[in-house]
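Hi,

Here's the structure I promised to send over. Have a look when you get a minute, and my notes are underneath.

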Amino acid sequence: MKKKFHFIFFFFIIGKVLFSQVPQLNESSKVSLLTCATGDELYSAFGHTAFRIQDPALGIDVVYNYGTFDFNQPNFYLNFTKGKMIYSLSRRNFESFLYEYELEKRWVKEQILDLSLNQRNQLLAFFEENYLPENRDYLYDPLLNNCSSITGDILKNQFGDAIVFDGSYLEKRYTFRQLVRQFMDVNTWSMFGIDLAFGSPVDRQATVQEHMFLPYYTMEQLRHTTLNGKPLVKRERTILDYSEHIQNIFFPLSPLFWFILLMAFTGIITYFDHKHKARSRWLDFSLLFVTGLAGTFLFLLWVAADHTSTPYNYNILWAFPLNMIVSFAVVFQDRVPQWVPKYLWSALGLIAIMLLLWIIKVQIFSPVLIPLLLTLAIRYVYIIKYSKL
């Protein structure tokens, strides 16, 4: 253990001395982009991108990684919800960076960039300036400013109009929601939650450069990028070769299964309520309260958070915040208050408007919602009819 500690301490001191002043790279140096495969955890579901700089003559082999975050940050989850998530640029030895991907059995591919020595030194100076404590933190945005999208920004900022991103390789330009769904199955709780939180802004077409918020698209884009009229990528190689991680969905644990089950359960309860001229107040309360609570959260994401992807979220047309108040009006007495049927007709109208917005593609909703919408419609209509008894 002592030897290991001395080795780490020695490496730390050497690193501090080596980078206290930005060294000048030699002709044998290389600057490359690393693309890492998708993983099993939600934060790794889209892959990863980082820069690597090597200089055998100087003994440099480091990775500049803009995807560093800390779960132990104060108010981590609150800041994430509010859209104030701070990510950082980290600098690590290449071997220690690679070790994590070996453990997780995720492939890593490298694209060596065709840069002059001056351009390589320019990028190294930029990364070292960016790595200073006062510069390394940045405000993270999952679609517009992440570890992958920042690649295009850096290349553009450093080389200006000499960098040209050719988007002719794209079969079509996708929306942000379509791009996310390429990496996550719609019928998973993670994707359902993302679809629920995303507002209509993510249903616009992404620009060619905006596709680069996904690491796989960044890797493909670099193959179709030129610098001063010449291909930016000199050559590619695979550093770690593993198979893609495949998402296996167990249908009985999926949201669609549970929403279908809820719809069937609600249908059965409503049938017996109708037969006995009764009303299951606990069911009405549960549906109204939960949808109202969800709508309140979505509304706060719209108006009180700094996310670029959560405003103008028309999911609140079915998960209407006022449902939470109405739930208490229908639970304490068997007789339905006179104003409730009018409210429920309005709620059904809002669901109809939501479906219209879906049809004309103002916002694309999760298809998993369909049985849930039918569940609400069944119960709303029954309460309206019951109020006339």
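Below is what I found, starting with the whole protein and ending with one alanine.

A quick word on the ground rules: this is a predicted model, so local features need pLDDT of at least 70 and side-chain atom pairs count only at pLDDT 80 or more, while totals for chains, interfaces and linings use all residues. Residues are numbered from 1 along each chain as its sequence is written, and side-chain values use heavy atoms, with hydrogens and water left out.

The protein has 13 helices and 10 strands (DSSP runs: H or I of at least four residues for helices, E of at least two for strands, numbered from the N terminus). Its C-alpha atoms fit a box of roughly 90 × 55 × 40 Å along the principal axes. Of the 389 residues, 47% are buried (under 20% relative accessible area; exposed is over 50% and partly exposed in between, with a 1.4 Å probe and protein chains only). Among contacts (heavy atoms within 4.5 Å) with a separation of 6 or more, 78% join residues 24 or more positions apart.

Now for alanine 278. You'll find alanine 278 in the loop between helix H9 (255-275) and helix H10 (281-303). With a relative accessible area of 29%, alanine 278 counts as partly exposed. Leaving out residues up to four places away in sequence, alanine 278 touches Asp273, Tyr382 and Tyr386. The C-alpha atom of leucine 389 is 9.9 Å from that of alanine 278, although the two residues are 111 apart along the chain.

Cheers
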